[in-house]
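Dear colleague,

I am writing to hand over a protein structure for your study. Please open it beside this message and consult it as you read.

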Amino acid sequence: MNPLMQRLGLRVPVVQAPMAGGPTTPELVAAVSRAGGLGSLGAAYLSPAQLREAGAAVRALTARPFALNLFVPAPLPGVTAAEVAAAVADLAPLHAELELPPPALLERVREDFGAQFTAALAVLSVGQPAVFSFAFGRLGRPEVAALQAAGTLVIGTATGVEEARALAADGVDAVVAQGGAAGGHRGGWAHDERADTLALTRAVVETVGLPVIAAGGLMDAADVRAALAAGASLAQCGTAFLRATEAGTSAPYRAALAAAQPSQTTLTRAFSGRPARGLTNRVTAEVRHPLPYPLQNALTRPLRAAATPAGRAEFLSLWAGEGVHRGREGTAAEILGELWPK
Ligand SMILES: Cc1cc2nc3c(=O)[nH]c(=O)nc-3n(C[C@H](O)[C@H](O)[C@H](O)COP(=O)(O)O)c2cc1C
C-alpha cells in the first residue's frame, strides 16, 4: 500500500486506462473501481453533455473513486488544399467499398476543450476523491489549481523524462510514464522516447519526486509486479481490458484482438494524424498522406463509423499494445484479479 493507493483508497495497484472512442463504458469504469482498482473514463471524444451523462452513470454505479480523462488541445494545424486533396484521395477508394461518398473535411474537427473541462470539473466535484488525467499536452496552472481545489487528483501523461519534468513543474500530483509498447495514441507532446516501459518508469521515478504510473504492455501479474519493482505506484493497463465483458469494444474490434499475433502492432498516423499503436490493417497499409491531428481524425470518422456495423475491421482503428496477443476475455473483475491476484 503506497501513498497514492492510500490517498485513493485503492485495494489493487492497477489503473484501467482511459480509452476514448467507446471501450471505457461507465459499466467498465465502475466495475474496475468497485473491484478495488481505478477505473478511467476516456472522455476526449465526448461532448460536454455526453461527458456529464457518462460521469453521472459511473457515479450511479459506484461511490468509489474513478478518473476522467481528456486530451489537451494544441492550436489547429494549417494545411494546404493539395495536402487535403492527397488525404482525401487516399481514403476515397475505401469509402467507395463501403458505398460512402468521398470524405470531406468538416469545419468542426474536435470538441471544445474549455466546455469539456467545465463539464469534467462539475462531474468530479460531486464525490471525493476523484482523479482527472490528461494526455497530449500540459494543463494550465489555473486548471490544475481548480481541480486540486475541488479535491481532485491531477495526473498528466509523459512519454519521456523531459515531459515528466514539465508536468511536475506544472504542479500535477502524479505522472503516467507511457512506454513505447503502449496501445493507442502516444500521449506526450514534446520528446517521445518510445522507451521500454520499465526503463522509462525508473528514469521518471528518479527524475520527478512524484508518484509514477507505469503504462505500456503490462498484461499480467508478473508485468504489474515488475512495474511496481521499477518504482511505479500503480500500473495502467489498457489493452488488457479491451476484451472485458463490460467494455464497449465493438464486435469486429474484439474479433481482431482475439486473432492478434505477436508483432502485429504498428505505430501509425493513418487514422488520426498522431502516432498511435494498433493492429496493422488496410488503413495502416494504404493511407500514405494523413493530415496532422486532429484533422485526419475528423476525416476518417465516417469510414470508421460505417465500418463497425459492416463488420469491416480492415477499416477500423484497432488500437492495441504490443502485449495484445496475451489478452483474454472475462469480466473486468476477473481481468483485474489476474493482474493482481489476492
Ligand atoms: C483503445 C485505446 C484507447 C486509448 N485512449 C486513451 C485516452 O483516451 N486517453 C489516454 O490518456 N490514453 C489512452 N490510451 C493509452 C492508455 O492510457 C495507455 O497508455 C495504454 O493503454 C497502455 O498500454 P497497453 O495498452 O499496452 O496496456 C488508449 C489506449 C488504447 C489501447
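The notes below describe what was found, beginning with the domains and then turning to individual residues.

Please keep in mind throughout that this is a predicted model.

**The two domains**

The domain assignment divides the protein into two parts, and neither is a single unbroken stretch of sequence. Domain 1 consists of residues 3–73, 110–247 and 327–339. Domain 2 is made up of residues 76–109 together with 261–319. Taken over C-alpha atoms, the centres of domain 1 and domain 2 are separated by 26 Å.

How many residues of each domain are in contact with the other domain? On the side of domain 1 there are 17, and on the side of domain 2 there are 13. The size of an interface is often given as the accessible area lost when the parts come together. Here, the area buried between domain 1 and domain 2 is about 1,300 Å², and carbon and sulfur atoms give 47% of it. Three residues deserve your attention at this point: Arg110, Gly184 and His185 supply 46% of the area that domain 1 buries against domain 2, which is more than any other three residues supply.

The interface between domain 1 and domain 2 also contains one salt bridge. In addition, seven residue pairs are in polar contact across this interface, counting pairs in which both residues have pLDDT 80 or more. Sorted by class, the residues of domain 1 that touch domain 2 are six nonpolar, six polar and five charged.

**Salt bridges in the model**

The count of salt bridges comes to 14. One of them joins the side chains of Glu97 and Arg282, with a nitrogen-to-oxygen distance of 2.6 Å. Glu97 belongs to helix H4 (residues 81–97) and Arg282 to helix H11 (residues 282–286), so this pair ties together parts that lie 185 residues apart in sequence. Glu97 counts as partly exposed because its relative accessibility is 36%. Arg282 is likewise partly exposed, at 25% relative accessibility.

Arg282 has a further partner, Glu286, and their side chains meet in a salt bridge at 2.9 Å, N to O. These two residues are four places apart in helix H11, so about one helical turn separates them. Glu286 is partly exposed, with a relative accessibility of 37%. Which residues do salt bridges with shared partners join into one network? The members are Glu97, Arg282, Glu286, Arg312 and Glu314.

Another salt bridge links the side chains of Arg277 and Glu322, at 3.4 Å from N to O. Arg277 lies in strand S11 (residues 276–279), whereas Glu322 lies in the loop between helix H12 (295–310) and helix H13 (332–339), so the pair ties together parts that are 45 residues apart in sequence. Is Arg277 buried or exposed? Arg277 is buried, because its relative accessible area is 9%, and buried means under 20%. Its partner Glu322 is partly exposed, at 41% relative accessibility.

The side chains of Arg108 and Glu111 also form a salt bridge, with an N to O distance of 3.1 Å.

**Three further residues**

Thr284 is a residue of helix H11. With 13% relative accessibility, Thr284 counts as buried. The side chain of Thr284 reaches the backbone oxygen of Asn281 at 2.9 Å. When residues up to four places away in sequence are not counted, Thr284 touches Thr266, Thr268, Ala270, Phe271 and Leu279.

Ser133 is located in strand S4 (residues 130–135). Ser133 counts as buried because its relative accessibility is 9%. Which side chain does the side chain of Ser133 meet in a polar contact? The partner is the side chain of Asn69, at 2.9 Å. Asn69 is also among the contacts that Ser133 makes beyond its neighbours within four places in sequence, together with Pro18, Leu68, Leu70 and Ile155.

Ala63 sits in the loop between helix H3 (48–61) and strand S3 (66–71). Ala63 is exposed, because its relative accessible area is 73%. Although Ala63 and Ala30 are 33 residues apart in sequence, their C-alpha atoms are 8.8 Å apart in space.

With kind regards

How values were computed. Residues numbered from 1 in each chain as written. Predicted model: local features only at pLDDT ≥ 70, side-chain atom pairs only at ≥ 80, totals over all residues. Heavy atoms only, no water. Domains from an automatic or database assignment. Contact = heavy atoms within 4.5 Å. Buried area = accessible area lost by both parts, 1.4 Å probe. Salt bridge = Lys/Arg side-chain N within 4 Å of Asp/Glu carboxyl O. Polar contact = N/O pair within 3.5 Å; in protein donor to acceptor, adjacent residues only side chain to side chain. Nonpolar A, V, L, I, M, F, W, Y, C, P; charged D, E, K, R; others polar. Buried < 20%, exposed > 50% of the residue type's maximum accessible area, 1.4 Å probe, protein only.
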